[in-house]
Amino acid sequence: MTVRLPEKFEKRMREMLAEEYEAFAQGFAAEHAAGLRVNTMKLPVEEFEKIAPVPVRRIPWIHNGFFYDADAAQPAKHPYYFAGLYYIQEPSAMTPAAVLPVQPGDRVLDLCAAPGGKSTELAAKLCGEGVLVSNDISNSRAKALLKNLELFGTKNAVVLSETPAKLSERFAGYFDKILVDAPCSGEGMFRKSPAIMKNWEQYGVEYYQKLQREILPFAVRMLRPGGMLLYSTCTFSPEEDEGMLAFLLREYPELSMVEPALTYEGFAPARPEWGSGPEEIRKAIRIWPHRMEGEGHFVALLQKSEMAEEVPQSAACVRAAKLSKEAEEFLGGLTLPLSFHRMIAREERLYYLPEGLPDLSGLRILRSGLLLGEMKKNRFEPSQALACALKAEEYGNCYSLPGASEDIIRYLKCETISAKTPVEDGFVLVCADGYPLGWGKASHGEIKNKYLAGWRMM
C-alpha cells in the first residue's frame with residue numbers, strides 16, 4: 001500500500017527523524033498490526049490462549065494483548081466477542097491504560113473515553129472495586145462507550161457526556177488516577193486510517209494543541225494530591241506531545257514526571273528539546289511504527305505532589321430503592337455479592353451504584369453504576385448489563401452451548417431457541433462455553449429470546 005504523505009508533514013518528520021526518516025517512510029508501505037486485548041475480569045490470559053477463536057501471538061509489551069492476522073480472521077464475529085472476552089484494539093493504543101498504575105479500589109477518570117478501549121482496560125484493572133468515571137463530550141460516542149463497558153461486564157462505571165469544565169466543578173480533587181487520551185491531530189494513525197490526513201490538512205496541529213490546553217487544566221484540578229495523570233496522544237507532533245508536557249510542568253509546579261514501570265525495548269524516550277521543556281520530559285514514551293509493531297503513540301505519566309492542597313470530599317446522599325417483591329426474589333437468588341443500600345431506582349429502572357460517588361445531579365448521565373433491570377408490574381426484567389456482569393456460577397439457571405454452535409448464533413441474532421438439555425422455566429442465563437451472553441425466558445424447553453436487540457449479531 002502506497003500512502004502519499006502531506007508535504008508539510010513529510011518535511012517536519014525529516015527534520016525530526018534525520019537518518020531514521022527513510023525507515024519511517026518505508027513503514028507506510030506495510031500493513032498495520034491488528035490486535036485484541038483479553039478481558040481479565042472474565043478469564044485469565046493463559047485460559048484465553050487455550051480457547052482463542054483465531055490464531056494469535058503475544059504483544060510483548062502488553063501482558064493481556066495479542067496480535068492477530070486481520071486478513072485471515074474476524075474475531076469480532078465470534079460469540080466470544082459477544083461474551084465480552086476481549087476487545088479489538090490497535091496494539092499501541094493499549095499502552096496508555098497499561099502504563100497507568102490503577103489498583104482495585106481506586107477512583108479513576110477516563111476523560112475523553114469513547115469508544116472505550118482504554119476504559120474497558122481500566123475497568124478490568126479495578127476488578128469491580130472503586131469507581132470508574134468514563135466521559136465523552138459527544139453523546140453519540142458516549143453511547144458506544146457505554147455498550148463496550150457493559151459488554152465487558154463492568155459493575156462500577158459511571159458514564160457521562162459532559163465538558164471537562166463542568167466535571168471539574170463536581171469532581172475537584174476526587175480522582176486517584178486520570179487518563180487523558182487527548183483529541184489530537186492523529187498523525188500516528190496515518191498508516192492505519194489514511195483518511196485522517198484530510199482532517200490534518202483541514203485543522204492542523206494548532207487546533208488540537210488549543211483543545212489540549214483547554215482540557216488539561218481541568219484534569220489537573222480533578223486529581224487528588226499524590227494522584228497520577230496519564231496523558232497520551234496518537235500523534236508525532238512535538239507541539240501536542242513534549243510541548244504539552246512543558247506547558248503542564250510550567251503551569252502546574254505541583255506536577256512531576258514519573259518513569260513508567262512498563263518498559264519495552266522498542267519504546268523511545270521523549271525529546272525535551274522538541275518542546276523546550278525540562279529534562280524530566282525524557283521519561284515519557286514515544287512509540288515509532290518503524291521501531292515496533294504498532295502505530296504512532298505518545299504516553300506520559302505525571303504525579304501530583306502529596307503537598308498539593310486537598311479538596312474536602314463528600315459522598316452523595318443516596319436513598320436506597322424500595323424493591324418490588326419480584327426484584328428482591330430475583331436479586332436475592334444471585335450469588336453475586338450486592339449491598340441493597342447501594343441500589344437506587346429511577347422510574348422503573350434499578351441501578352447498583354459504585355461506593356462513594358459525589359452528587360451527580362445536573363450532569364448528563366448515560367449510566368450511573370450497573371443497570372440491574374426493570375421493576376415492572378408484578379415482574380422483574382433483568383438487564384443485558386447484568387447478564388454480562390455475571391459469571392455462570394452466580395446464577396442458578398444457566399443454559400450453555402458450544403461457542404460456535406448454530407443455536408448460539410441463532411440466539412445472538414435474537415431468535416428463539418429450543419433447549420437440548422433441561423432448564424427451569426423462567427429467566428435463563430444463556431452462555432457460550434460457560435461465558436454469559438444474555439437472558440432468555442424458558443417455558444417447557446423453549447427459550448424465548450431476551451438478548452438486547454440493539455446488540456444482535458448482524
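Is Glu 381 buried or exposed, and at what relative accessibility? Some notes on that residue and on the rest of this predicted model follow.

1. Glu 381 counts as buried, because its relative accessibility is 17% and the cut-off for buried is under 20%. This glutamate is found in strand S18, which covers residues 379-382. Its side chain has a partner in Arg 379, with a polar contact of 2.6 Å joining the two side chains. If you set aside the neighbours within four places in sequence, Glu 381 is in contact with Leu 372, Gly 373, Glu 374, Lys 376, Phe 427 and Lys 450.

2. Phe 427, one of those contacts of Glu 381, is worth a second look. Lys 441 lies over the face of Phe 427, at 4.7 Å from the ring centre. A similar item to check is Arg 346, which lies over the face of Tyr 351 at 5.5 Å from the ring centre.

3. Now for the overall picture. The protein chain has 13 helices and 23 strands. Its radius of gyration is 23 Å, which agrees with the value near 23 Å that a compact globule of 458 residues would have. Along the principal axes, the C-alpha atoms fill a box of roughly 70 × 55 × 35 Å.

4. A few totals go with that picture. Of the 458 residues, 57% count as buried. About 19800 Å² of the protein chain is exposed, and carbon and sulfur atoms supply 50% of that area. Among contacts with a separation of 6 or more, 71% are between residues 24 or more positions apart.

5. Aromatic rings deserve a point of their own, with 32 aromatic pairs in the structure. Tyr 21 and Phe 24 make a tilted pair, 6.0 Å centre to centre and with 45 degrees between the planes. Both residues belong to helix H2 (residues 21-26), where they sit three residues apart, about one turn of the helix. In an α-helix there are 3.6 residues a turn, so residues three or four places apart point the same way. Tyr 21 and Phe 24 are both buried.

6. Phe 236 and Trp 288 give you a stacked pair, at 5.2 Å centre to centre and 5 degrees between the planes. Phe 236 comes from the loop between strand S9 (223-233) and helix H10 (242-251), and Trp 288 from the loop between strand S12 (285-287) and strand S13 (297-304), so the pair ties together parts that are 52 residues apart in sequence. Phe 236 counts as buried at 1% relative accessibility, and Trp 288 counts as buried at 4%.

7. The two pairs belong together in a wider group. One aromatic cluster is formed by Phe 9, Tyr 21, Phe 24, Phe 28, Phe 190, Trp 200, Phe 236 and Trp 288.

8. What surrounds helix H10? Eight of its ten residues are buried, so H10 is largely enclosed by the rest of the structure. The buried ones are Glu 242, Gly 243, Met 244, Leu 245, Ala 246, Phe 247, Leu 248 and Leu 249. Their cover includes helix H9 (196-222), S9, strand S10 (255-258), S12 and S13.

9. Ser 405 offers a long-range link to inspect. This serine is found in the loop between strand S19 (398-401) and helix H13 (406-412), and Ser 405 is buried, with a relative accessible area of 17%. Its C-alpha atom is separated by 9.3 Å from that of Pro 79, although the two residues are 326 residues apart along the chain.

10. Finally, some backbone details you may like to check by eye. Ala 114 and Pro 115 are joined by a cis peptide bond, with omega about 5 degrees. Pro 115 is found in the loop between strand S5 (107-110) and helix H6 (117-126).

11. Which residues other than glycine have a positive phi near 55 degrees? One of them is Cys 127, with phi near 55 degrees, in the loop between H6 and strand S6 (131-135). Cys 127 is partly exposed, with a relative accessible area of 48%. Asp 433 also has phi near 55 degrees, and this aspartate lies in the loop between strand S21 (426-432) and strand S22 (435-443). Asp 433 is partly exposed, at a relative accessible area of 37%.

How values were computed
Residues are numbered from 1 along each chain as its sequence is written. This is a predicted model: local features need pLDDT of at least 70, side-chain atom pairs count only at pLDDT 80 or more; totals for chains, interfaces and linings use all residues. Side-chain values use heavy atoms; hydrogens and water are left out. Helices (H or I, at least four residues) and strands (E, at least two) are DSSP runs, numbered from the N terminus. Buried means under 20% relative accessible area, exposed over 50%, partly exposed in between (1.4 Å probe, protein chains only). A polar contact is a pair of N or O atoms within 3.5 Å; within protein, one must be able to donate a hydrogen and the other to accept it, and residues adjacent in sequence count only if both atoms are side-chain atoms. Contact means heavy atoms within 4.5 Å. Rings of Phe, Tyr and Trp (its six-membered ring) pair if their centres lie within 6.5 Å; planes under 30 degrees apart count as stacked, over 60 as edge-to-face and the rest as tilted. A charge sits over a ring if NZ of Lys or CZ of Arg is within 6 Å of the ring centre and within 35 degrees of the ring normal. The radius of gyration is taken over C-alpha atoms; the globule rule is 2.2 Å times the number of residues to the power 0.38. Accessible areas come from the Shrake-Rupley method with a 1.4 Å probe; for residues, only the protein chains shown count as cover.
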